[in-house]
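Me: Before I rely on the terms used for this model, I would like to go through the reasoning behind a few of them, beginning with the enclosed spaces.

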Amino acid sequence: MLLLDHLTVIAPSLAEGCAHVEECLGLKVPFGTRHIYMGTHNHRLQLGGRVYLEIVARDPDGVPPPRARWFGLDDQDGVRDDWDAGRRLRGWVANTPSLASLLTGEGSVFGARVSLPWEAPEFEFAIPNDGRLPLGGALPSVIDHCGQPAAMSDIPDLGARLLDFTLEHSDPDAIAALFQRFQCANPPRILKGPSLRYRARIETPAGICELT
């Protein structure tokens with residue numbers, strides 16, 4: 001079973017990502033962490049339960065990792081193209097208690113199992129060899145917390161709560177079948193649309209807002 005872990009805003013820079021989320025939600029999302037092992041960094045915000053929002057970008061001061069970065073962040077032209085087209089909420093991450101089992105026969109879909117950080121692994125993440133999002137972002141990236149889920153107390157809670165999120169796709173029936181095949185417990189609602197696009201309705205202290 002795949003369970004929603006967090007939503008991802010994939011930005012050309014953290015400054016642009018945070019500005020967009022503030023414009024959508026009226027909230028200043030605090031800094032999270034530097035992923036020394038992946039050459040990226042993020043800001044994070046609780047969304048209720050064990051779900052959170054991540055704004056992630058390539059770290060300009062980071063050291064390139066020994067393999068492709070996650071979330072397609074090596075392809076900065078592609079990230080910028082999506083950003084300029086308004087595709088800023090670009091995907092989601094699902095967690096599973098057994099990434100190795102999921103990837104048996106499905107490595108071409110979700111990618112290779114990567115243990116991170118490199119020196120002292122604490123979790124596993126499925127990353128395609130080229131680093132791109134699974135099925136262009138229509139499927140989630142997948143994490144295995146290895147029995148140590150993210151400490152929600154470390155993620156700021158500014159009163160935002162996820163109500164629902166949707167995925168627009170040109171072939172919603174095919175995506176729905178994949179969600180069922182991979183036992184996605186709480187996937188986005190799928191709507192027919194001309195191109196892949198996510199939207200999330202989030203309740204904030206100022207009211208219900210939409211993140212795109």
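Me: How many cavities of 30 Å³ or more does the rule count here, and what makes a space a cavity?

Reply: In this predicted model the count comes to two cavities of 30 Å³ or more. A space earns the name because a 1.4 Å probe fits there but cannot get out. The largest cavity has a volume of about 40 Å³, and the second largest holds about 30 Å³.

Me: What makes Trp 70 a lining residue of the largest cavity?

Reply: A lining residue has an atom within 4 Å of a cavity point, and Trp 70 is listed in that lining, together with others including Phe 125, Ala 126 and Arg 132. Strand E7 (residues 123-127) supplies the largest share, three residues, and by class the lining has eight nonpolar, two polar and one charged residues.

Me: Which classes make up the lining of the second largest cavity?

Reply: That lining divides into six nonpolar, four polar and no charged residues; Gly 91 and Gly 137 are among the lining residues, and glycine counts as polar under the scheme used. Strand E5 (residues 89-95) gives the largest share, three residues.

Me: Why are E10 and E12 said to stand at the edges of their sheet?

Reply: The open sheet runs in the order E10-E9-E11-E12, with mixed pairing. Strand E10 (189-192) and strand E12 (207-211) each have a single partner strand, so one side of each is left without a neighbour in the sheet.

Me: How do you know that E11 and E12 pair?

Reply: Pairing requires at least two bridges, and strand E11 (residues 197-204) and E12 share five in the antiparallel sense, so the requirement is met.

Definitions and conventions:
Residues are numbered from 1 along each chain as its sequence is written. This is a predicted model: local features need pLDDT of at least 70, side-chain atom pairs count only at pLDDT 80 or more; totals for chains, interfaces and linings use all residues. Side-chain values use heavy atoms; hydrogens and water are left out. Helices (H or I, at least four residues) and strands (E, at least two) are DSSP runs, numbered from the N terminus. On a 1 Å grid over the protein atoms alone, a cavity is a set of points where a 1.4 Å probe fits but cannot get out, and a pocket is an open set with protein on both sides within 12 Å along at least five of seven lines; lining residues have an atom within 4 Å of a point. Grid points are joined across faces, edges and corners, and a volume is the space filled by probe spheres set on the points.
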